Amino acid sequence: MNLFDAIQQRRAVKTFDAACKIPEQDVKKILSMARLSPTAYNQQNYRFVIIQDPGIREKIKTAAHGQAQVSDASLLIVLCADTKAWEKNTEQYWSNTTADLQKAKLQAMQQYYLNREQAQRDEAMRSCALAAQNMMLTAKAMHYDSCPMIGFDFDAVAKLIQLPADHVISMMLAIGKASQAALPRFPQLADEQLIFFDSF
Ligand SMILES: Cc1cc2nc3c(=O)[nH]c(=O)nc-3n(C[C@H](O)[C@H](O)[C@H](O)COP(=O)(O)O)c2cc1C
């Protein structure tokens, strides 16, 4: 499936075939495409927690107000990010470049995030959102369906996955085979409401 068709055909699916198993190589493909999404300063701050344990799935489902996607999707991923990736082992992000470039990048990155909690959190959300879109489109291109999710108790899920204190959850992603087609596309806002030239 080409990219345009994957974008057109991706929908947020609510009902998954619980019997569908995604082969390991397809899961790997989805994750490898996620990892090609861009991150600021190449910090790769996203962390993907794949929920395999049915018991944890059930608990997450309760935290997600009983949404069936959580238990029935073949693959459930909690997209998290390390808000302090910008200050941890930073040499690994540009290790194949010159010492000068590494130094310049490190300085710029420190300057950008140091003492800026909001910027650190924003970066977490940006990186995860870009990775999520890569995963959803890759899944669609492979004829799977998906549902991005924020309808859950973030604190409860954080506890269940033992989220480190300096990490945040961005969203969950359910991926599998739809057992029921999505409703027709919901209304799209007019271009004039969304697109501006030079200023608002
Ligand atoms: C960040 C995000 C969180 C969402 N959370 C949920 C959710 O918790 N449960 C759900 O059923 N749909 C969820 N959705 C799906 C949206 O309702 C859906 O994407 C939107 O209505 C547009 O429909 P479409 O994706 O099929 O085009 C979420 C979508 C996004 C992008």
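The legends below describe several close-up views of one predicted protein model with its ligand.

The model is predicted, and local features are described where pLDDT is at least 70, side-chain atom pairs count only at pLDDT 80 or more, and totals for chains, interfaces and linings use all residues. Residues are numbered from 1 along each chain as its sequence is written, and side-chain values use heavy atoms, with hydrogens and water left out.

**Figure 1. Overview of the protein chain, with its 8 helices and 4 strands.** Helices (H or I, at least four residues) and strands (E, at least two) are DSSP runs, numbered from the N terminus. Read from the N terminus on, the elements follow the order α-α-β-α-α-β-α-α-β-α-β-α. The C-alpha trace spans about 55 × 45 × 30 Å along its principal axes. Of the 200 residues in the chain, 38% are buried, where buried means under 20% relative accessible area, exposed means over 50% and partly exposed lies in between (1.4 Å probe, protein chains only).

**Figure 2. Strand S2 and the strands that pair with it.** Strand S2 covers residues 75-82, and 8 of its 8 residues are buried. On one side are Leu75, Ile77, Leu79 and Ala81, and on the other are Leu76, Val78, Cys80 and Asp82, so placed that both faces of the strand are covered. Two strands are said to pair if DSSP finds at least two bridges between them. Strand S1 (residues 46-50) pairs with S2 in the antiparallel sense over 5 bridges, and Val49 stands opposite Val78 in S2. Strand S4 (residues 167-176) also runs antiparallel to S2, to which it is joined by 8 bridges, and in S4 the bridge partner of Leu75 is Ile175.

**Figure 3. The ligand and the residues that surround it.** A residue is counted as near the ligand if one of its heavy atoms lies within 4 Å of it. There are 13 residues around the ligand, and the closest are Arg11, Ala12, Lys14, Gln67 and Gly151. Polar contacts are pairs of N or O atoms within 3.5 Å; within protein, one atom must be able to donate a hydrogen and the other to accept it, and residues adjacent in sequence count only if both atoms are side-chain atoms. A polar side-chain atom of Arg11 lies 2.7 Å from an oxygen atom of the ligand, and an N or O atom in the side chain of Lys14 is likewise 2.7 Å from a ligand oxygen atom. From Gly151 it is a backbone N or O atom that lies 2.8 Å from an oxygen atom of the ligand. Taken alone, the ligand exposes 620 Å², of which the protein buries 65%, with accessible areas taken from the Shrake-Rupley method with a 1.4 Å probe and, for residues, only the protein chains shown counting as cover. Strand S3 (residues 145-149) gives the most to the surrounding shell, with 3 residues.

**Figure 4. Aromatic pairs that involve Tyr41, Tyr113, Phe152 and Phe154.** A pair of aromatic rings is described by the distance of the centres and the angle of the planes. Rings of Phe, Tyr and Trp (its six-membered ring) pair if their centres lie within 6.5 Å, and planes under 30 degrees apart count as stacked, over 60 as edge-to-face and the rest as tilted. By this rule the count comes to 8 aromatic pairs. The rings of Tyr41 and Tyr113 have centres 6.0 Å apart and planes at 75°, so this pair is edge-to-face. Because Tyr41 lies in the loop between helix H2 (24-34) and S1, while Tyr113 lies in helix H5 (residues 99-113), the pair ties together parts that are 72 residues apart in sequence. Tyr41 is partly exposed at 24% relative accessibility, whereas Tyr113 is buried at 1%. Phe152 and Phe154 form a stacked pair, 4.2 Å centre to centre and with 5° between the planes. Phe152 is buried, with a relative accessible area of 6%, and Phe154 is partly exposed at 28%. Ring pairs also link Tyr41, Trp86, Tyr112 and Tyr113 into a cluster.

**Figure 5. Two loop residues, Asn115 and His143, with positive phi values.** Asn115, a residue other than glycine, has a phi near 60° and lies in the loop between H5 and helix H6 (117-141). Asn115 is exposed, with a relative accessible area of 70%. The phi of His143 is near 70°, and this residue is placed in the loop between H6 and S3. At 48% relative accessibility, His143 counts as partly exposed.
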